[in-house]
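Open the model in your viewer and colour it by secondary structure. The stops below go from the whole chain down to single residues.

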Amino acid sequence: MVNVTVSATGYADKSGTITVAVTSKTAQTFAFIDSAKTATYGDTLPDNTFTSTPFGDITYTSSAPTVVEINTETGLPGIVGAGTAVITATAAGNETYAPASATYTLTVNKKSITATLAVSDKEYDGTTTATLSGDPTFT
């Protein structure tokens, strides 16, 4: 309870009691099932679901946009380079639940490359130098 007195020049003072009820929103707790995931550049983002259903819209952020970028159209994260990023999902909350966040670390390894080259036959001329021709194939 709060006691209030209102005063104004030329008017009689008025006082009264106001009861203020303060209610707080319930804390929501959710987390990613895995606290760390690993992928290889070129892969899609590995699944990592929540331990419980978060309340409110979910937004994602990345600590390293050169590794994991948030798609501006879908709002979802995607792999764009090798390295390590912390991905944060924030639930906005609703009329009952307060906002909350969950994070996990994603390590994206470099993709191995295999190159196949063709070497043309050459007549031995006393050197080990060869000429490569054609376009190499990378897999």
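The tour starts with the overall view and then moves to selected strands and a loop.

**Whole chain**

Show the backbone of this predicted model. The chain contains 10 strands and zero helices, so a cartoon view shows β elements one after another from the N terminus on. Turn the model along its principal axes: the C-alpha atoms occupy a box of roughly 115 × 40 × 25 Å. The radius of gyration of the chain is 31 Å, whereas a compact globule of 139 residues would have one near 14 Å.

Now switch on the surface. Its accessible area is about 10,200 Å², and carbon and sulfur atoms account for 53% of that. Of the 139 residues, 19% are buried. Select the charged side chains next: there are 6 positive and 12 negative charges, and the mean positions of these two groups lie 10 Å apart.

**Strands 1 and 2**

Select residues 2-6, which form strand 1. How many of its five residues are buried? The count is zero, and strand 1 is hardly covered. Add residues 14-18, strand 2; the two strands run antiparallel and are joined by five bridges. To look at one pairing, pick T5 and its bridge partner in strand 2, S15.

**Strands 3 and 8**

Move to strand 3, residues 36-40. In a regular strand the side chains alternate between the two faces of the sheet. Which residues of strand 3 make up its covered face? K37 and A39 do, while A36, T38 and T40 lie on the uncovered face.

Add strand 8, residues 100-109, which pairs with strand 3 in the parallel sense over five bridges. Within this pairing, select K37 and L106: the two residues stand opposite each other.

**The loop after strand 3**

Follow the chain into the loop between strand 3 and strand 4 (58-62) and select L45. Is L45 buried or partly exposed? L45 is partly exposed, because its relative accessible area is 23% and buried means under 20%.

Show the residues around L45. Beyond its neighbours within four places in sequence, L45 is in contact with P77, I79, I87, Y104 and L106. L106 is the strand 8 residue already selected opposite K37.

For a last distance, pick the C-alpha atoms of L45 and G56. The two residues are 11 residues apart along the chain, and their C-alpha atoms are separated by 23 Å.

To finish, return to the whole chain. Among contacts between residues at least 6 apart in sequence, 48% join residues at least 24 apart.

How values were computed. Residues are numbered from 1 along each chain as its sequence is written. This is a predicted model: local features need pLDDT of at least 70, side-chain atom pairs count only at pLDDT 80 or more; totals for chains, interfaces and linings use all residues. Side-chain values use heavy atoms; hydrogens and water are left out. Helices (H or I, at least four residues) and strands (E, at least two) are DSSP runs, numbered from the N terminus. The radius of gyration is taken over C-alpha atoms; the globule rule is 2.2 Å times the number of residues to the power 0.38. Buried means under 20% relative accessible area, exposed over 50%, partly exposed in between (1.4 Å probe, protein chains only). Contact means heavy atoms within 4.5 Å. Accessible areas come from the Shrake-Rupley method with a 1.4 Å probe; for residues, only the protein chains shown count as cover. Lys and Arg count as positive and Asp and Glu as negative; His and the chain ends are not counted. The place of a charge is taken as NZ of Lys, CZ of Arg, CG of Asp or CD of Glu. Two strands pair if DSSP finds at least two bridges between them.
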